[in-house]
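Good morning, colleagues. Please bring up the sequence and the model on the screen, and I will take you through the strand pairing and then some of the charged side chains.

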Amino acid sequence: MSFLLLLLLYISIIPTAADVDNVHCFAEVNEQTGECEDYLGEGVSDVDCCLNIKYAFKLDQQSPCQACRLPEWSQWSAWSGCTVSCLEGVQERRRICIGQGDCEGDEVEVQSCSLQDCCPQAGGWSDWSPWSDCSVTCQVGQRQRTRQCNNPPPLCGGGCVGKSIETVVCDTQQVCPTHGSWSNWGPWRQCSASCTVEGSQNFPVQSRYRDCDNPAPSTIPPGRPCEGSNQDTRDCRDLPFCEVNGVWGAWQDDSECSVTCGVGRIRQKRFCNNPAPKHGGRDCAGPPVKQSICNTKKPCPIDGTWSAWGEWIECARLQQDDIRCQKKVGNQNRLRECRGQSHGGRWCDGPYRESRACYNAEGCDYDGSWSEWSPWGLCSAACGAAEKERSKVCEPQYPDYPDIVPGATRSVEVFFSGTPRPKCSPINKERFKVVEKTECKNLPLCP
C-alpha cells in the first residue's frame, strides 16, 4: 500500500470531536490470536494510539482488538481433531486477519484424515457367576454376581452392551435398632475474631461441639436421635482492640514520558497516609509506584517494505527482432515497489529491478511428457458435501540450447520464458491437463 493510501486509511478513521480520547491503547498484538496485549491505558484517540503502527486499540474493554498496521494473515492454527474416530474423516485449520482492512485468501482449510483403519466391534458376555453371600448379618444387605466381556472378545477398542455387575437386595430377617447418645463436649474453639472493634457491643464468640455417636442411632430400623443441641457458644470479652491498617493516598506523577513518539508510559507514585497504619496495623498492600499512559502526539517512523515481484516482461532483444522459438538469447526484467515508508522510516534494502537472460518460448511447439500426479488438494468446503482433486499436466521438453550466454566474460544462466505449446499423447481426450476428483468423507453438517 502506498503512503497516499496509508494516509487515506488514517484519515478514514479520524474521530469526531465527540469521539476523541475514548479508546484503550495497547503496545502489542498477539500474532497467533489477534488479541491486544501490553495495555498502555485509555484517554487517547485511535489516531494518536496508531501514531506507532505496531500498536493496537479497543473501543471499549469488550470490543475486538484492532491492530494499527496494514492487514496480514496470522500463522495457521494447528489442524483440528479428525471428525470421526475410525475410517476416513476430515480436519480443518484456521487463521485470522490482523490489521486495518481485509486479507486476500481463505480463513479456513480442510483436508482428509484417518485415526484408525477399523471401527470398534462389540464383544459378547460370558455366563453370570453364582450369587455372592449377603453383605450383612442383620437387617437388609445386598448380593451380587459378575460376568466377563470375553465371549467373544471385542475388537478395535469395542466393548459389551450392558453391566458387568448385577446386585439384588437380601433380607436377613434380623432387626438390630440402636438409639443415639451424646459424646462428651469437645474443647472450646478459637474466637470468631482475634480483636474487638473499639466501642462496639458485638463481641466475637467461641463455640464447642459434641457428637451423637455414643452410640449413633440406627437407620433401619430407625433409632432415636439425641435430644438437645450439638453446639454451645459464649462471648469473647477479653480480646484487644483491633489494629488500624494503612490506606493509600492519591497517585502523583514522578517521571517524564518513556517515548518520544506515539504513546508510552509515565511513572506515578503514592504514599500510605490516608490514613497511615497504627496500633500495629498493616502497611498498605500493593506497589507504591505504577506506570500510566502518556501521549507525545508525534507519529513514529514507518520503515518501507518491498511488494512482491511483478511478472517478468516478454523476453526480447534491443534490436527488436523476433527471437521466439529460436536459439537466440534475449533479456527480460521485473520490478517491485518499496511501500509504506513515512515519518523518517528506513527505505527498503536491495534493488527494485531484477534482470535475467532468456530464450523466448512463447507459443512454441515442443514435444511434451505427462507429469506425475500432484498430491491431493484441500477439500472444496469446510462442511456439508465437498470434494478434493489432483492433476497431472503436459510438461514441455525444451530444446538442448546452451544454458549459459555464449561469449560472456562470466557464467550467466539462461532461462526459457513464456508459455509454449507442448504435445503429449491424449489421456481421456485431454491434451494439456488431466484432473481427478474424489469425495471428502465425513465432513461436519453445516449450521
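Strands β14, residues 263–269, and β15, residues 289–295, run antiparallel and are joined by seven bridges. I should say at once that this is a predicted model. Within that pairing, K269 of β14 has V289 of β15 as its bridge partner.

On to β13. This strand, residues 252–253, pairs with β14 over two bridges, again in the antiparallel sense. Both bridges can be named by residue: Q252 is partnered by K269 of β14, and D253 is partnered by Q268 of β14. K269 therefore appears in two pairings, because its bridge partners include Q252 in β13 and V289 in β15.

Taken together, the three strands form an open sheet in the order β13-β14-β15, with antiparallel pairing. β13 and β15 are the edge strands, and each of them pairs on one side only.

A salt bridge belongs to this region as well. The side chains of R267 and D254 meet at 3.4 Å, N to O. R267 lies in strand β14 and D254 in the loop between β13 and β14, so that the pair links parts of the chain 13 residues apart. Are these two residues buried, partly exposed or exposed? R267 counts as partly exposed because its relative accessibility is 34%, and D254 is likewise partly exposed, with a relative accessible area of 30%.

Let me turn to a second sheet. It is open and has three strands, in the order β17-β19-β22, and its pairing is mixed. The edges are formed by β17, residues 330–335, and β22, residues 414–417; each has a single partner strand, so one side of each is left without a neighbour in the sheet. From one strand to the next, the twist averages 55°. Six bridges hold β17 and β19, residues 353–360, in antiparallel pairing. There, L335 stands opposite R353 in β19.

Just beyond β17 we come to R336, in the loop between β17 and β18. How does this arginine stand with respect to salt bridges? R336 is buried yet has none; E354, the nearest side chain of opposite charge, is 7.4 Å away. That places E354 outside the salt-bridge criterion, because the criterion requires a side-chain nitrogen within 4 Å of a carboxyl oxygen. The side chain of R336 does, however, have a polar atom 2.9 Å from the backbone oxygen of P351. Leaving out residues up to four places away in sequence, R336 touches W306, S307, A308 and W309, and also D349, G350, P351 and Y352.

A further set of pairings involves β20, residues 365–370. With β23, residues 421–423, this strand pairs in the parallel sense over three bridges, and D367 has K423 of β23 as its bridge partner. With β21, residues 387–396, strand β20 pairs over three bridges in the antiparallel sense; here G368 stands opposite P396. As a general remark, strands of a sheet pair through backbone hydrogen bonds, either parallel or antiparallel.

I now move to the charged residues earlier in the chain. The structure holds 19 salt bridges. One of them joins R93 and E109, with the closest N and O atoms 2.9 Å apart. R93 lies in strand β6, residues 88–94, and E109 in strand β8, so the pair ties together parts that are 16 residues apart in sequence. R93 counts as partly exposed, at 22% relative accessibility, whereas E109 counts as buried, at 17%.

R94 forms a salt bridge with E92, the closest N and O atoms being 2.8 Å apart. R94 is partly exposed, at 40% relative accessibility. Elsewhere, E31, R69 and E72 are linked in a network of salt bridges.

Finally, consider E104, in the loop between β7 and β8. Is E104 buried or exposed? E104 counts as exposed because its relative accessibility is 76%. Leaving aside neighbours within four places in sequence, E104 is in contact with W73 and R95. E104 and E439 are 335 residues apart along the chain, and their C-alpha atoms are separated by 27 Å.

That concludes my part; I would be glad to take questions.

Conventions:
Residues numbered from 1 in each chain as written. Predicted model: local features only at pLDDT ≥ 70, side-chain atom pairs only at ≥ 80, totals over all residues. Heavy atoms only, no water. Helix = DSSP H or I, 4+ residues; strand = E, 2+ residues; numbered from the N terminus. Axes fitted to C-alpha atoms, helices over the stretch in contact; angles between N-to-C directions. Buried < 20%, exposed > 50% of the residue type's maximum accessible area, 1.4 Å probe, protein only. Lys, Arg positive; Asp, Glu negative; His and termini not counted. Polar contact = N/O pair within 3.5 Å; in protein donor to acceptor, adjacent residues only side chain to side chain. Contact = heavy atoms within 4.5 Å.
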